[in-house]
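Trainee: I would like a close look at a single part of this model, the place where the ligand sits. Could you walk me through it slowly?

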Amino acid sequence: MPETPQTLRCGSRHLDLSAPVVMGVLNVTPDSFSDGGRWFEPARAVERARELVAEGAAIVDVGGESTRPGAQPPPVAEELRRVVPVIRALAAELDVVISVDTSRPEVAAAAVEAGAGLVNDVRGLRDPATRAAVAASGAAVCVMHMQGEPPTMQVAPAYVDVVAEVRAYLAERVAACRAAGIGADAIVVDPGFGFGKTLEHNLALFAALERFTTLGVPLLVGLSRKSLVGAVTGRPVEQRLAGSLAAAALAASRGARIVRAHDVAPTLDAVRMGWAARPAPATRSST
Ligand code: HH2
């Protein structure tokens, strides 16, 4: 089994992952599921990013496409218009990794040119042009699993063995990124909670999270405010903080090194508790 790197190379920055960190969410969209429209104005987005960093975010993830169930992607020109000026402003000012949440090669390339150090692709870098754009830039990538596409992904998600299938998909995507010239020290994987998965699928993946720590690259998870938290707690989206924090702590204790969250300060506390209370290595399952 390959050793998991403890540092993520994000262009000219090196992100220390010897303990888990928090990726703060900055949705520059009119229609995201929990905060659509709030940070759509560039000046408000920059202000929000400053808050995320002050709260302890090690990464700010800037997204111009909502990928909530049922969402339609914006035109490429619109996605570029939303994210590139914000990324340029943040990269010039903030001493953290700036990430771009996109699947499009044009957006990935422009974002990296503007200063992004990480391309977070919910479509797992399936587009060879996106892989090539990132490889040429030296930026890091997050490859996430999604079954289907946002407009229909929650209609009838189906797996024979969700854990094995998602793990095999991620292993295959890591190999494709490596073949495109992206270094093993510049890749993270994410099982993609809520992306083409029922509640049962999400909970099976969560229960087996440690199996995603043995792919030779660090593990990222995004659970913040998601419908699985709502389903378990019975809470609407604006009341899911406590459930999201419990999930973040558990994810950190099960080996996640990057936790994507909207509420950075409390998530960082939760992640630190989960990490401090993680089981000793000998008692953890190996695959
Ligand atoms: N979840 C969302 C978006 N991007 N990226 C990764 N790597 N992992 C995730 O779990 C993930 C993600 C969805 O959350 P959000 O950005 O708040 O909503 P929306 O897609 O509606 O903008």
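Which side chain has an N or O atom 2.7 Å from an oxygen atom of the ligand, and what else is found around the ligand?

Mentor: Happy to! Keep in mind that this is a predicted model. One side chain that fits your description is that of His262, with an N or O atom 2.7 Å from an oxygen atom of the ligand. Ser66 makes a similar approach: a polar atom of its side chain lies 2.7 Å from an oxygen atom of the ligand. On the nitrogen side, look at Asn120, where a side-chain N or O atom is 2.8 Å from a nitrogen atom of the ligand. On its own the ligand has 480 Å² of accessible area, and the protein covers 99% of it.

Now step back to the surroundings. The ligand sits in the second largest pocket. Around the ligand there are 19 residues, and those that come nearest are Ser32, Ser66, Asp190, Lys226 and His262. Sorted by class, this shell holds seven nonpolar, seven polar and five charged residues. Strand 3 (21-27), strand 7 (140-144) and strand 9 (220-222) each give the shell at least two residues.

Finally, visit Asp121, which belongs to strand 6 (residues 118-121). Asp121 counts as buried because its relative accessibility is 1%, and the cut-off for buried is under 20%. The C-alpha atom of Asp121 is 9.1 Å from that of Ala108, a residue 13 positions away along the chain.

Definitions and conventions: Residues numbered from 1 in each chain as written. Predicted model: local features only at pLDDT ≥ 70, side-chain atom pairs only at ≥ 80, totals over all residues. Heavy atoms only, no water. Near = heavy atom within 4 Å. Polar contact = N/O pair within 3.5 Å; in protein donor to acceptor, adjacent residues only side chain to side chain. Areas by Shrake-Rupley, 256 points an atom, 1.4 Å probe, with all protein chains shown as cover. 1 Å grid on protein atoms, 1.4 Å probe; cavity = no way out; pocket = protein on both sides within 12 Å on 5 of 7 lines; lining within 4 Å. Sits in = over half its atoms within 2 Å of the grid points. Helix = DSSP H or I, 4+ residues; strand = E, 2+ residues; numbered from the N terminus. Nonpolar A, V, L, I, M, F, W, Y, C, P; charged D, E, K, R; others polar. Buried < 20%, exposed > 50% of the residue type's maximum accessible area, 1.4 Å probe, protein only.
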